[in-house]
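Please open the model in your viewer, with side chains available for display, and follow the stops below in order.

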Amino acid sequence: MATFKDWALQYVLADEEPVQRELAQKAAREIESSRASSTVVGNWAASIQQWLTTAHAKDSDQMDEGEDGGSGDIIARAKALGFLADTLQALDKNMLRADQVVRLAGFFGAMFSYDHKAGITASAKALRQLYSMKNFKPDVGVQMVDAVLMIKEDFRLQTPVTRLEIYELFLGLFQDQAVSSLLQHKYGSSQGFIVDLLRLCQNERDPRNLLVWFKILGVLLADYAPSADVTEEIFKTFSAYFPISLKSSATPIGITAEDLKSAVRACFAAHQRVAPLAFPYLMQKLDQGDAVTVAVKVDILRTIKACLDEYDHPQNSVVPFVEKIWNSLKYEVRNGEVKETIDATLDVLRAIANKLDGTKSQKLDVSLLKSYIDIVFKDCRDDLSNPTYTKQAGLLLMTVITANIRAYTLESGGFVECIRQNLRQPKSPSHTRDLLLLLNSALKSRLDLVRNRKEGHPEDEELLRTEPRAHLDALFHEVYLPIWVKKANEPDADTVDVLKKVTQGLALLVSQRVLQPDGALSLLCSGTTCSEICSLLTQSLIKGLALSSNDNITDDTVLEDEAVLALRTVVMSYTDGYIEIASRAKAEIQKRQWSNPSRYSLNALKDLLSRLAFIGCSEIPSRVSVEGKSQKTLSALQHLVTLIATLLNIFPLSSPSGSARFADHSARESSLANAHVISALHGGMLHFRDACASRYQKEVLVAYSGSDRSWIEEFSGLPFNWLQQLQGPDGLRDETIELLREDDPEVYRQYLRLGLFTVRYIYRKAASGSQTLWNERILAQVANITALVVRALDEKLQITCDLAHEAFRFFHAGDGSLEQKPTKPLTELLTLGILEGLRPGALADLYIPGGAAEAFLCNTADLGPFPSRASEIRAAIGAILVNKYKGGPSTCDPESQTIKKVLGFWANQIKVATSSVDIDINTFEAYNSIAMYIFAGAIARQDKSVVQEAVPVLHEAIASGHHNGELVARSMGILVKDNNLLSEENHAVVKRLYKQWAYSQLVRPLYKLALPTGKEADVWATNRYTAAILAVVSNCPFKVYEEDVEVLTRLLIATLGGNRITAGLSKQAARMQVASALEILVQILANEPESLKGHLKAVIGGAMNVHQEASLDTREVDESSFKYTIKPTGAGADLYAVSCRKLTLQLLGLIPSKFEERHLLPYALQLKRMLATASGDPVREVRKVALLARGGWAKVG
């Protein structure tokens, strides 16, 4: 059995820490197993005796001989002591008895007296472990301190690691209250050990050690009671490091300069006994002028603030220095230019005000704070009348006065009165602007103080209850209104800035709350004043519509936008204001005739309605009473109801009748006016949804998106104009709408309920209305509103409301008002709106054999010629229905069988149309569009039925000799194209890797068939296969086709290099194929340029040829039309040319950054000439790309 001596020897001989740690753990376990018997502990301690005895003897010899040898023995002795220290670290802290702790502490403490070369690190570590023992006694801690201090001058010769051990030991001992008490009792007020300690550590420079050393100094100041002389010595020690910095090092140490600054700062702020030394020292440092850098100045200011925050007894520690601090700091703001310095200075001034106010539990004498404010006010009052210093002086005053509630109630009246006096005789418009800015800042700060009133002393609320408010009550009529009246008709830029400040101030004024005696909040302004302010701001809102284009010649967009923001703020507090705004806007709109509106009127209407929606619905209003006028019964939904009811009341603005009129310009403009109304409704719903999302957590919204009742059944018992009734003179008084506060998440559920009622209302009118009124533009917007509401409902509520069937009957079930389904094609947009937002489980009833889904999807009647919107709408609905069926564990369930039948039906339509049967090209385009979208819906969910039913037919159709096969080939991209209808947001079933799956099924089998065979008869087939491949690949991310880049590159180069009018493809199809090839090449070049290195000549030459051909037509094109699919026929040919020019330049512009210069030199000269010409392209977006490409190639050669 191994002994302690064996383990000690192995420990000394070992070099690996894990081995040494394991040996120490063995020794610890042996001690623990003996319950720390005296014999075992003694044997353990004696196990290193051989190194100590030998070392002492050799040390004596070396001292006699004056030599420094014996380094090997020193190392061995250090390791031997380390064995004991590591054993103590591994030992159970409850194991050693008190007498054993005392003896071991004496042993290790003695090392500091004579073993300065080897034993210090291990001894310090051992003492730390002994301090953590359960049976450690405080008097042992005093002995440890005395023993360690015996190291004296040799401390500075120790390594940083050794010194860190000693610092950690000191810190632990000094923080121990029992040890601290004994130390103070032993040394008294002279605290002699502190002086010895300061002398011991005064030369420390290691950053890691300094952090602990500064903590020790802070503890000595805060927890001990050093005399004034000792305090000054401590102060000298840490202040000598100020301001501290850190030299950069190649070896990261994990300590930043900011860590060191914070540590020194904590010493300054450790205790108020340092105040007589700290404040004069810091002020002297700050007053050195230009010799102080910004960083140092900020450090000084933050240190002053730390002192102010931490010192107790401010009457003695802060008050004597307040005036001196103020006199030094005021110029940092008055004449300052550096934001960091100004902000830090203001923080100090604010901290003084808060310190002189008191704490949450105890207020100080008010005279202390008032004296400080008087000093600031005296120095700043005159500067308010000087435009050069107005802003700075106001900032100083604002900082102090708004620091806390007591300061505000003391001097806010004087501050506001001073600003009012200066506003009576301003020196310039900018002076007026700055004064208003200060006034507005005071109002904003008051809002914050009232909002946070409960965070301070209870006396603060009482101060707010008794706050003098006469100076605030007079602001509207004596300050803001006169300036508005005077400046409203002056169009210059300075005036606009002033009016912006007035607008902001009015909003802040209406938002002010006052605390009533019972603790309730009410608005500061009376109802009459609030109404006047609301009316004044509304003038800017309706100005565009109220004036003609000739009268409204000023560009007040900035001021109008500011008025919108102000009105939003106003109506969130003064809730009656939104009803007034909406009524006034409604009256202004109804004054005009909308049967033949001008473009100016339409734009003004659009702006007015969109702003009206933003004002009322982008935030949830608060419930606040108004003095002098009782606000109408308020729910958080009041503004939303007002907006919806107002818009439904004015819709339609005009009612064109007769299909002939619909072709007229007046009818189209009238339709646009009506569309703006529905668009504003959509905007309001979106704004309110976002407001709910901002106020409540996402998880809360999900929890409040359902109901146990069928809302549709509830709606059937309500009058048709229920929303308009809710907007009656008494506000929301209907029992079906709860009076909810803004912080209740039930608001979101009621928002959805109101939204669904609105959708039902509009659907019932649209389904039986005139097609000239309910045209495509309006129905599409209605569908968007519907999708917004329906997608937010949970699946259970969607099922309860039977929304899947309502998508086809438009909420007319059982009322006899609609005897049969409407036959107007565009009304299928209403169907699309509901189906888009439904969850798969809510659609289950539609998929029964012979049910609504099958009947709709297999119906080819009334489609109309392509590109009729009816077929596109039918295609979108088809994609949703085929995608969202729930299905079962196998493909034999009724839903899967229905979908399989639908896929087979449309696959057969494609097969028949691309065989010998002659079919009208327009009809086939409609069929093809629907079929492709239906297949896309199935592909997104990786439905295997599409592989069985559709994919073989598509491949056959592409290869067929029929001209319709070309349309199938170039439409294949639809199958994998990103589609918002098939997204997670709309609850579609979308598999994560569906594009990879579709690619392997659709494209990969075609590569061999697309490669040239050399036979003339096969050219048309290979071209069509290539067209199909590129159509799909251009809609896939690079990772999907990464493995096939080599063969794909051959097809791309062939596409760019050959004659675009190729066999089997029309000119239109060939051009689209080139555009797809360019898109794919850009992706390959961005992701795997090495694959194109061997084809650079072909790629560059082909791209240049394409650009040359596309440059033949340089007519300007509306760049907003780039978002539409490129169909190069007629005007679309222009888009094709622009797109190709842009893509070729993108491709060529990427090349220099992807390849070494030696590969590019042969093409540089020719390309630079081409890019110089392209930089003059008539289309801005193309010019932009050309210039970027030119810059890249300019570095070549």
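Begin by selecting K297, which counts as buried at 15% relative accessibility; keep in mind that this is a predicted model. Now add E332, whose side chain meets that of K297 in a salt bridge with an N to O distance of 3.4 Å. The pair links distant parts of the chain, since E332 belongs to helix 18 (residues 319-334) and K297 to helix 16 (residues 294-310), 35 residues apart. E332 is buried as well, with a relative accessible area of 13%, and because buried here means under 20%, that value places E332 in this class.

Next, select K796 and D708, whose side chains also form a salt bridge, again at 3.4 Å from N to O. K796 is found in helix 40 (residues 795-800), while D708 sits in the loop between helix 35 (698-703) and helix 36 (711-716), so the contact ties together parts that are 88 residues apart in sequence. Is this pair buried or exposed? Both K796 and D708 are exposed.

Move on to D15 and K79, where the side chains meet in a salt bridge of 3.0 Å, N to O. Here D15 lies in the loop between helix 1 (4-13) and helix 2 (17-33), and K79 lies in helix 5 (residues 71-90), so this pair ties together parts that are 64 residues apart in sequence. Colouring by accessibility should show D15 as exposed, with a relative accessible area of 62%.

After these pairs, select D357, K363, R406, E459 and D460 together, and display their side chains: these residues are linked in a network of salt bridges. For the model as a whole, the count of salt bridges comes to 60.

The last stop is a sheet, best viewed as a cartoon. Which order do its strands take? The sheet is open, has three strands in the order 1-2-3, and shows mixed pairing. Its edge strands are strand 1 (513-515) and strand 3 (625-626), each of which pairs on one side only. Now select strand 2 (residues 521-523) along with strand 3, and you will find that the two pair in the parallel sense over two bridges. To inspect the pairing at the level of individual residues, pick L523, whose bridge partner in strand 3 is V626. With the backbone atoms shown, it helps to recall that strands of a sheet pair through backbone hydrogen bonds, either parallel or antiparallel.

Notes. Residues are numbered from 1 along each chain as its sequence is written. This is a predicted model: local features need pLDDT of at least 70, side-chain atom pairs count only at pLDDT 80 or more; totals for chains, interfaces and linings use all residues. Side-chain values use heavy atoms; hydrogens and water are left out. Two strands pair if DSSP finds at least two bridges between them. Helices (H or I, at least four residues) and strands (E, at least two) are DSSP runs, numbered from the N terminus. A salt bridge is a side-chain nitrogen of Lys or Arg within 4 Å of a carboxyl oxygen of Asp or Glu. Buried means under 20% relative accessible area, exposed over 50%, partly exposed in between (1.4 Å probe, protein chains only).
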